[in-house]
Every structure is written in structure tokens, then in C-alpha cells.
Amino acid sequence: MVNRALVLDSERKPLMPCHPARVRRLLRDGKAAVFRREPFTIILRERVGGETQPIEVKLDPGSKTTGIALVARGKRGRKVVLAAEITHRSGEIRDAMTKRRALRQGRRYRKVRHRAPRFLNRRRPEGWLPPSLESRVRQVETWARRLARFTPVTAVEVETARFDTHVLSVGYDLEGVEFQRGTLFGWELREYVFHRDGHRCRYCGGESGVPVLELEHGIPKARGGSDRVANLVTACRACNQAKGNRTATEWAEALAGSPTKLDRVRRAYATKVAVGKHPSLRDAAAINATRYAIGDRLKTLGIPVGFRTGGRTKMNRTTQGYPKRHWIDAACVGETAHRVRLDPGMTILRIRARGHGTRKRCGTDAHGFPIRHAPRAKRFLGFATGDLVRAVIPVGKYRGIHVGRIAIRHRPSFKLARFDVHPKYLALLQRADGYEYA
Ligand SMILES: [Zn+2]
């Protein structure tokens, strides 16, 4: 299965996404033209309006990758018509900021021309997020907005609450909370513990090679251990069974004499579990910091937005037997997603955030000494870095047709993939929009 093409009528109003075979026919007969390459969108030449069915944009924002699914509700139930995954550039941004900070710090101590000190201009506006997180929020918003422009979207569903880290980590009773009893019981807690422990066995770190993870009681239930989060540990099935009815401390002691490597690893890990050392909550914190921001931005779309929990997503996905993928998680977001038709092997649109170039006008060497200046113009001969082009090269080693993103230079030799190409061989397919597609 492949993604459907998005369709606009001749007045640019969105219609239902269309099967690629039909799109090819329309294009061949001259009844439509390509409006946009990615996501592939066509515009009909002579049709205004048309029948539409409800379509939901479903989003599963993650710290590195966000899953997107467009789910249409037809006569035969819900079905994924377009799936995509965005790879964010949070890490790149963080690194660039760190580098910039280092350069500026170094410059302050250097003997250079006087620069008036800056005071009291560092107040952060309300709702400020670190640039790495802000970029992720904006990318999610951009794509929700884009899909809402090219398809007749009737609702947006987004996985916001992964789990409530505060409530769960203090181990309060979740009384009165909707998911405590009912079909979701246990899913939120279980997911939280797995996530906290990085989806790895806390007793062997994966050394046993057993992939099945279970929820394990540090102090066994049979010996009075509670169901509190503080007493719950992610363990692989092998370690869970080997530990049996012992506490983490007792097990660590019992493992002392064992000669095998696995047991030595287990002993080191079990000692840490015994003193209650938890892995860091940083990833969860990043997700939590942006979940409200993402929600707020999506509300500005003017389409009903539903906020759903991660436990429900996982339950929907697991009960339908789908594998774990970001886009499949997205398709399984929300109450209505307990029955969604999709093909796990489907070819999806892979989107990679690449940014819009740099604002840095002056390049420096490793010591912060200025060594080059960036040209003022972002375009040369009508092209900008990041434009999607088709190159038809008639001669030479690279002759043939190539499609890809170019990096321009301010001379007629642009970079396309791994070789250079003269702009006279290039035709523009789509202007740079800050993303790379595959
Ligand atoms: Zn293990």
C-alpha cells in the first residue's frame, strides 16, 4: 500500500485524497496538474467542490520522531490514507546553541573593540521554550496546518499526556482519574515504568538477550511489596524468573559467587536497584514541557482538537496486533482508534527537518577568529539551498536523470547528492521548505 495523493479543486479547496492510479489517469488526461511534490498534491483543472468524508489528522509527537497519520472514515470504517514520520533536529539545534554560547563567551574575554554591556534584556517571554524544543513544537504545528490545508480535515487528535510523571512518581492513588479502573487500567503505569527505565531490563541491561519485558516488584508482592511506582522495575523475563521471590538486595548477595558474565552484570545492576537509583527522567521531561505548547498551537487551527494518552494508544495498537512504528502509534491515537485499517508494510513519507539555513554571517575557526563571510544573497540563478530539483545531465560520468535537494554555491556549480551540477541542467520541482523528503 502507498500513500494517497492529496487533491485540491480548481479553487484550491481540499477534496478527498485519491488513489495514485486514479491520479495518474487524471494527470495523463490533462484533467489535473501537480500542485506540490511533497506531500504529493494535485489540483483539478475544471472541478469545483465534491463530496468529502470525515478525516482526522492524528499525531504522536516524540522527542526525536513524530508520527503522523491521516485517517479517513468511510463506509467500511476507518482507514489510514496517508502516513508520515518527521525526524526532528532538536539535537542539531542544541549543539549549535552550545557552540554559539562558547564563541560568545570567549569573545567577551578577548581584547576587541568596546561593546556596551547588555543588562536587563534577558527576560523570557511567557510560554518561552528552549530553541530545540520550540523547533519541535513548530514542526508539529506546520504539518498539522499543512495537512489541514490540503485535505478536508474535520478533527485533530494528538497524543499529549504520555503519563503524569508527577502523580506516578510520588505514587499517589489515582482515585477519580478516568483511567484508573476500566479498560485502560494498568496501561499508563506500565508504560510509565518502561519509559522511565529506557525500555531496558534494570537487572541486566539487556545482557540476557531476552527481549520480553515485564513489570517486576523490587520487593516481591508476596513479601509485602507494594504496587507503587517506586517498587516497580522493568525486568526481562529471564531476570524476573531468576530473581524469583527475593528482594533486589538478597539477589545481589546470592549472585556474589557466580562465575558467569551475566550474573556479574546482574549483580552490579541489582545493587543499584536495591539502593533505589532511577535512570534520568530527562526525555519524559522534554515531552512534558512541550505537550501543552503543542496543544495550544494546534488549537489555533480552528479545528476540534482531542488530547489523548499514550496508554490508550498502546492498548489500541497492541489489541489490533500492529507493530511499533511512530506512524502506527499516531494512527492508534484516541478512543476511535480501536479499529483502524492499515498496512504495516506501507510505504510512508519520511520527512526530515533540515531548517532554513543559517543566520550566521561570519564563519570562524576553532578559536572563534573570523575567517569567512557568508554571501548576503540566499539565491543564485534562481535557486536556493534546499530546493527540490530534477537534473537532466546529458553527458559525463553522472549522465541521466537525478532528483534531489541542491546546495547552491555562488558560482554555476551546485551540489546535488554526491556530485556537482551546472544549474542549466536543473528544473525546479519544489521550493525549499525546510524539510527533506524520502
Ligand atoms: Zn534482564
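**Close-up views of a predicted model**

**View 1. Ala 33 meets a partner across a strand pair.** In E4, Ile 43 is the bridge partner of Ala 33. Strand E3 (residues 32-36) and strand E4 (residues 41-44) run antiparallel and are joined by four bridges; strands here are DSSP runs of at least two residues, numbered from the N terminus, and two strands pair if DSSP finds at least two bridges between them. Follow the chain from E3 to E4 and you pass through a hairpin of four residues.

This is a predicted model, in which local features need pLDDT of at least 70, side-chain atom pairs count only at pLDDT 80 or more, and totals for chains, interfaces and linings use all residues. Residues are numbered from 1 along each chain as its sequence is written, and side-chain values use heavy atoms, leaving out hydrogens and water.

**View 2. Four cysteines hold the zinc ion.** Cys 201, Cys 204, Cys 236 and Cys 239 each offer an SG atom, 2.2 to 2.3 Å from the zinc ion; donors are N, O and S atoms within 2.8 Å of the metal (3.2 Å for Na, K and Ca), and water is not among the atoms, so sites may look incomplete. Along the chain, the donors follow the spacing C-x2-C-x31-C-x2-C. The site is tetrahedral, with angles of 101 to 124° among the four donor atoms (for four donors, all angles must lie between 85 and 135 degrees).

**View 3. Two of the zinc donors, Cys 201 and Cys 204, are buried.** The relative accessible area is 4% for Cys 201 and 2% for Cys 204. Buried means under 20% relative accessible area, exposed over 50%, and partly exposed in between (1.4 Å probe, protein chains only).

Key. Tetrahedral: all angles 85-135°; square planar, octahedral: opposite > 155°, others 65-115°.
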